[in-house]
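Let's work through a two-chain model together, one exercise at a time. Try each task by yourself before you read its solution.

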Amino acid sequence: MSEHESWTDARLLEAVADRDRRALEVLYARHAPWLVIRLTRRCADPALVDEAVQDTFVAVWRTARTWRGKGEVAAWIWGIGIRRLLDQLRRRPAVPLPAYDQVMVSAEEQVLLGIEYGELGQAMGRLSPELRAVVQATVLDGLTTREAGRLLGIPAGTVKTRMMRAKALLREELV
Amino acid sequence: MSTWHMDDGLAVRYADGELNPTLAASVEAHLLACDQCRSLLAPRVPRSRLDRVWAEVADAVDTPAPGPFERLLRAIGVHDHTARLLGATHSLRLPWIAASTVALLFAALASGETTRWGLLSYLTLAPILPVAGVAVAFGRDGDPAHEIGLAAPYSMFRLMLMRAAAVLTSSSALALVMGLGLLDDDWTVAAWLLPSLALTSLTLVLSSRFDPRHCGAAVAATWLVVVVATNLREPSLAMFGGAGQAGYLAITFVSVVLLFFRRKEFS
């Protein structure tokens, strides 16, 4: 065990920028597990997820310098991770498409579950799976319209119109 | 920092993909800001899987990044290991190529003068560049991968030929571009080609017995002496005439044959 374990993410990332390999290892131990799980919710193929996670940490090693030192390191890593997953999906288009719908439960369950949680939860729960996937990809995953389209296998224009529809529905529900 | 945190049950359900999208979305937003909850997820991914991916990451991180020349070779379809061996050659590195370019550029500019000295210096210099390049590409001091090369199950002869070919190609391309760009005489643009082939192959043959650097220096010096000797009174292109070119062709041919018979000397 080394002192690295007690460092903050930001300090580790600075060390990585100075070519500290041990710092990268600690960063990997901290961030690889949740990244694997979160990416698995977007793509059901574990081989692709592993490739994406691998590419992500190689990219962290190469571009640690470009981190501006603001915000969460985890959010920065996620930004890299989801885009590396997109690269993987683009390279192998034959693989059955992303599993946003995988995590979707049936419509009735949606409604039942939706009641349990707060207003926004309910409102989100009432959106159709297609609209919700778009909200998730753009708002939560921080993808651009085009990237979201690639992930979901739909044209960018469709992402835009679905996003507008989802916003309108949520506004109706919440106001 | 929020006071909302995941408990173990929630972490397990999230990791197994059993949460409804809305709750999962909350979890994911929270995870970005909370290392405590992130650490709850660590046991949910098999250790062996994480280790395997880490091994790949470590591999990629420890591999030196290929230089521009190596990437170019790979882009045009050269095998990775061949590209690495060629890329390790000093005379294929950017500083060397840049120096050659400058030297040739000055010579080519000089040939714009009214006398023929300029053209002569261009034609003299162009064949020396590959000789010098080949001379520093081999041997204990010139080759950073020398010891690796000795130990590798790879024919040294083949490696040598490959590097010589690469050096010859790059310096010839350079001289050709310069010639076409800056000189207008049509035949002189290529008059250095056979001399450079002859001198390079001669250097290679001699290298089978002596230190490549000495061979390169000796060949280049001989070439310079002969050129100067034939031009003592006035600039003449006698060295590059028809008879001269036939001679270079002969030297090239003999050298290549000798090289073939002496190929064992290189391993």
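The exercises below go from the whole chains to single residues and then to the contact between the chains.

Some ground rules come first. This is a predicted model, in which local features need pLDDT of at least 70 and side-chain atom pairs count only at pLDDT 80 or more, while totals for chains, interfaces and linings use all residues. Residues are numbered from 1 along each chain as its sequence is written, and chains are lettered from A and ligands numbered from 1 in the order in which they are written.

**Exercise 1. Describe the secondary structure and burial of each chain.**

Step 1: Take helices (H or I, at least four residues) and strands (E, at least two) as DSSP runs, numbered from the N terminus. Chain A then has nine helices and zero strands, and chain B has 14 helices and zero strands.

Step 2: Count a residue as buried if 20 or more other C-beta atoms lie within 10 Å of its own, exposed if 12 or fewer, and partly exposed in between, with C-beta atoms placed from the backbone. In chain A, 40% of the 175 residues are buried; in chain B, 34% of the 267 residues are.

Step 3: Call two residues in contact if their C-beta atoms, placed from the backbone, lie within 7 Å. Among contacts with a separation of 6 or more, residues 24 or more positions apart account for 59% in chain A. For chain B, 72% of the contacts between residues at least 6 apart join residues at least 24 apart.

**Exercise 2. Find where the predictor is confident and where it is not.**

Step 1: Use pLDDT, the predictor's confidence in each residue, from 0 to 100. Chain A averages 81, with 82% of the residues at 70 or above; chain B has a mean of 76, and 72% of its residues reach 70 or more.

Step 2: Look at the elements. In chain A, helix H5 (residues 107-116) has the lowest mean pLDDT, 42, and helix H2 (residues 21-40) the highest, 93. The pLDDT is below 50 over residues 94-117 of chain A, a stretch with 42 contacts in the model beyond near neighbours in sequence. In chain B, helix H9 (residues 139-142) is lowest at 59 and H4(B) highest at 91.

Step 3: For the complex, the predictor gives an ipTM of 0.73 and a pTM of 0.56.

**Exercise 3. Compare the surroundings of Arg19(A) and His31(A).**

Step 1: Arg19(A) sits in the loop between helix H1 (9-17) and H2 of chain A. Its phi is near 65 degrees, a positive value in a residue other than glycine. With 11 other C-beta atoms within 10 Å, Arg19(A) is exposed.

Step 2: His31(A) lies in helix H2 of chain A and is buried, having 25 other C-beta atoms within 10 Å.

Step 3: Leaving out residues up to four places away in sequence, His31(A) touches Ala74(A) and Ile77(A). Although His31(A) and Ala74(A) are 43 residues apart along the chain, their C-alpha atoms are separated by 7.2 Å.

**Exercise 4. Work out how H8(A) and H9(A) pack.**

Step 1: Fit the axes as lines to C-alpha atoms, for helices over the stretch in contact, with angles from 0 to 180 degrees between N-to-C directions. Helix H8 (residues 145-152) and helix H9 (residues 156-174) of chain A pack at about 105 degrees, their axes 8 Å apart.

Step 2: Angles under 35 degrees count as roughly parallel, over 145 as roughly antiparallel, 65 to 115 as roughly perpendicular and the rest as oblique. H8(A) and H9(A) are therefore roughly perpendicular to each other.

Step 3: Thr145(A), Arg146(A), Ala148(A) and Gly149(A) of H8(A) meet Ala156(A), Thr158(A), Val159(A) and Lys160(A) of H9(A).

**Exercise 5. Describe the buried face of H1(B).**

Step 1: In helix H1 (residues 8-15) of chain B, the buried residues are Ala11(B), Tyr14(B) and Ala15(B).

Step 2: Down the axis of H1(B), these residues fall within an arc of 95 degrees, so they line one face of the helix. The arc is that of the directions from the helix axis to the C-beta atoms.

Step 3: The buried residues of H1(B) pack against H2 of chain A together with H2 and H3 of chain B.

**Exercise 6. Characterise the contact between the chains.**

Step 1: The contact takes 26 residues from chain B and 34 residues from chain A.

Step 2: On the side of chain B that touches chain A, helix H2 (21-31), helix H3 (35-41) and helix H4 (47-62) of chain B each supply at least two residues. H2(B) gives the most, with eight residues.

Step 3: Sort that side of chain B by class: 18 residues are nonpolar, three polar and five charged. Here Ala, Val, Leu, Ile, Met, Phe, Trp, Tyr, Cys and Pro count as nonpolar, Asp, Glu, Lys and Arg as charged, and the others, Gly among them, as polar.
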